[in-house]
Amino acid sequence: MAKGVRLVITLECTECRTNPDKRSNGVSRYTTQKNRRNTTNRIELKKFCTHCNKHAIHKEIK
């Protein structure tokens, strides 16, 4: 059977790791899917972070 081209990836907030002045402890994470043929690089999306209480860049982690 053929291997699928869609991957489940995890997006993590970049500001939560570096900013000590945030609303609560922890790191915001989202899960989504990407097509490995169309998007070979790691993706970055602007999502709402509940710990920073604002929209921030979320980068793909392994």
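**Cysteines, sheet and helix in a predicted model**

No disulfides are found in this structure: the count comes to zero. The model is a predicted one, and its cysteine sulfurs were compared with a cut-off of 2.5 Å for a disulfide. The sulfur of Cys13 has its closest cysteine sulfur in Cys16, at 3.8 Å, which is too far for a bond. Cys52 is likewise in no disulfide. The nearest cysteine sulfur to Cys52 is that of Cys16, 3.5 Å away. Both distances, 3.8 Å for Cys13 and 3.5 Å for Cys52, therefore fail the requirement of lying within 2.5 Å.

Cys13 is buried, with a relative accessible area of 0%. Cys52 counts as buried too, at 14% relative accessibility. Both values are under 20%, so both residues fall in the buried class. Across the protein, 26% of the 62 residues count as buried. The accessible surface comes to about 4800 Å². Carbon and sulfur atoms account for 46% of that surface.

The protein has one helix and four strands. From the N terminus on, the elements run β-α-β-β-β. The four strands form an open sheet with the order 2-1-4-3 and antiparallel pairing. Strand 2 and strand 3 (44-49) stand at the edges of this sheet. Each has a single partner strand, so one side of each is left without a neighbour in the sheet. Direction ignored, neighbouring strands are turned by 45° against each other on average.

Strand 1 (residues 6-13) is joined to strand 2 (residues 29-35) by seven bridges, and the two run antiparallel. Within strand 2, Thr31 stands opposite Thr10. Strand 1 also runs antiparallel to strand 4 (residues 54-61), with four bridges between them. Glu12 has Lys59 of strand 4 as its bridge partner. Cys13 stands opposite His58, also in strand 4. In a regular strand, side chains alternate between the two faces of the sheet. Contacts that span the sequence are common in this model: among those between residues at least 6 apart, 51% join residues at least 24 apart.

Helix 1 covers residues 14-18 and includes Thr14. Is Thr14 buried or exposed? Thr14 is buried, because its relative accessible area of 19% is under the 20% limit. A polar atom of the Thr14 side chain lies 3.1 Å from the backbone oxygen of Ile57. Beyond its neighbours within four places in sequence, Thr14 is in contact with Ile57 and Lys59. Lys59 is thus a contact of Thr14 as well as the bridge partner of Glu12.

Asn53 lies in the loop between strand 3 and strand 4. Its relative accessible area is 47%, so Asn53 is partly exposed. Phi of Asn53 is near 65°, a positive value in a residue other than glycine. Most residues other than glycine have a negative phi.

Technical notes:
Residues are numbered from 1 along each chain as its sequence is written. This is a predicted model: local features need pLDDT of at least 70, side-chain atom pairs count only at pLDDT 80 or more; totals for chains, interfaces and linings use all residues. Side-chain values use heavy atoms; hydrogens and water are left out. Buried means under 20% relative accessible area, exposed over 50%, partly exposed in between (1.4 Å probe, protein chains only). A polar contact is a pair of N or O atoms within 3.5 Å; within protein, one must be able to donate a hydrogen and the other to accept it, and residues adjacent in sequence count only if both atoms are side-chain atoms. Contact means heavy atoms within 4.5 Å. Accessible areas come from the Shrake-Rupley method with a 1.4 Å probe; for residues, only the protein chains shown count as cover. Two strands pair if DSSP finds at least two bridges between them. Axes are lines fitted to C-alpha atoms, for helices over the stretch in contact, and angles run from 0 to 180 degrees between N-to-C directions.
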